[in-house]
Amino acid sequence: MSFFKQTITTEITINATPEQVRRALLDFASWDEWNPMVNQVTLGDKTPEELEPGDEIGVNFVVLGDMAAEVEILSNTESEFSWVGKLLTGYVFQGRHFFKFTALEETGVTKTKFVHGEDFSGALVPIYFALSSVEKSRKNYINLNKRFKAHVEKLAL
């Protein structure tokens, strides 16, 4: 880890196809049912599937004490959805949040390797992780993954 950079990466296998997993992730109206970190996402005049790199969406971070922020979409493809959020400028604090969907074939059944994480950078990274340890943050991501898996698998039945 660099003094001003930190990455958290987690993964879980979900018993659903990558298409089903992506569709559930882009159903922003359901995030408050399973996401303990973000309870609301607001869009402009596009549907989630229409979001393109450079578009901005509003995100309410429960994990940060109900902090609302605008984030910029970096990727919205069949295999990844990601955004970047910045505090003042990227030099102060920046988080590139990502969700990746990869097909796993197991005995003729398609499952999804769901990779979820964030690349943090900026001058405030050491302070952020001094206040909230890397391990505590990683546990939050793992908890989100488990809840999302249960949500998706319930939908996929």
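Phenylalanine 81, in this predicted model, is in contact, once its neighbours within four places in sequence are left aside, with Leu25, Leu26, Phe28, Leu51, Ile73, Ser75, Asn76, His97, Phe98, Phe99 and Phe101. Phe81 is also one of the residues with the most contacts inside the largest nonpolar core, a set of 33 residues in which Trp31, Trp83 and Phe148 are the others named for this. Helix 4, which spans residues 134-156, gives the most to this core, with four residues. In soluble globular proteins, nonpolar side chains tend to be buried together.

Beside Phe81 in sequence stands glutamate 80, which lies in strand 5. Glutamate 80 has a relative accessible area of 18%, and because buried means under 20%, this residue counts as buried. Apart from neighbours within four places in sequence, glutamate 80 is in contact with Ser75, Arg96, Phe98, Phe99, Lys100 and Phe101. Two of these contact partners are themselves related, since lysine 100 lies over the face of phenylalanine 98, at 5.2 Å from the ring centre.

The aromatic residues deserve a closer look. The model has twelve aromatic pairs. In one of them, phenylalanine 28 and tryptophan 31 meet edge-to-face, with 5.3 Å from centre to centre and 75° between the planes. Phenylalanine 28 counts as buried because its relative accessibility is 6%, and tryptophan 31 counts as buried because its relative accessibility is 0%. Tryptophan 31 also forms an edge-to-face pair with phenylalanine 99, at 6.2 Å centre to centre and with 70° between the planes. Because tryptophan 31 lies in helix 2 (residues 31-34) and phenylalanine 99 in strand 6 (residues 93-106), this pair ties together parts that are 68 residues apart in sequence. Phenylalanine 99, at 1% relative accessibility, is likewise counted as buried. One aromatic cluster takes in Phe28, Trp31 and Phe99 together with Trp34, Phe81, Trp83, Phe101, Phe114 and Phe148.

The strands form an open sheet of seven, in the order 1-7-6-5-4-3-2, with antiparallel pairing. Strand 1 and strand 2 (38-42) stand at the edges and have a single partner strand each, so one side of each is left without a neighbour in the sheet. On average, neighbouring strands of this sheet are turned by 25° against each other, direction ignored. Strand 6 and strand 7 run antiparallel and are joined by 13 bridges, and threonine 102 stands opposite lysine 113 in strand 7.

Two helices pack on this sheet. Helix 1 (residues 18-25) touches strand 1, strand 4 (67-76), strand 5 (80-87), strand 6 and strand 7, and its direction makes about 150° with that of strand 6. Helix 4 touches strand 1, strand 6 and strand 7, and its direction makes about 25° with that of strand 1.

Strand 1 (residues 5-14) shows how an edge strand of this sheet presents its side chains. In a regular strand the side chains alternate between the two faces of the sheet. Here Gln6, Ile8, Thr10, Ile12 and Ile14 point to one face and are buried, whereas Lys5, Thr7, Thr9, Glu11 and Thr13 point to the other and are not. Strand 1 pairs with strand 7 (residues 109-121) in the antiparallel sense over ten bridges, and the bridge partner of threonine 7 in strand 7 is aspartate 119.

Definitions and conventions. Residues numbered from 1 in each chain as written. Predicted model: local features only at pLDDT ≥ 70, side-chain atom pairs only at ≥ 80, totals over all residues. Heavy atoms only, no water. Core = buried A, V, L, I, M, F, W, Y, C linked by side-chain atoms within 4.5 Å. Buried < 20%, exposed > 50% of the residue type's maximum accessible area, 1.4 Å probe, protein only. Contact = heavy atoms within 4.5 Å. Pairing = 2+ DSSP bridges. Phe/Tyr/Trp six-rings, centres within 6.5 Å; stacked < 30°, edge-to-face > 60°. Lys NZ or Arg CZ within 6 Å of the ring centre and 35° of its normal. Axes fitted to C-alpha atoms, helices over the stretch in contact; angles between N-to-C directions.
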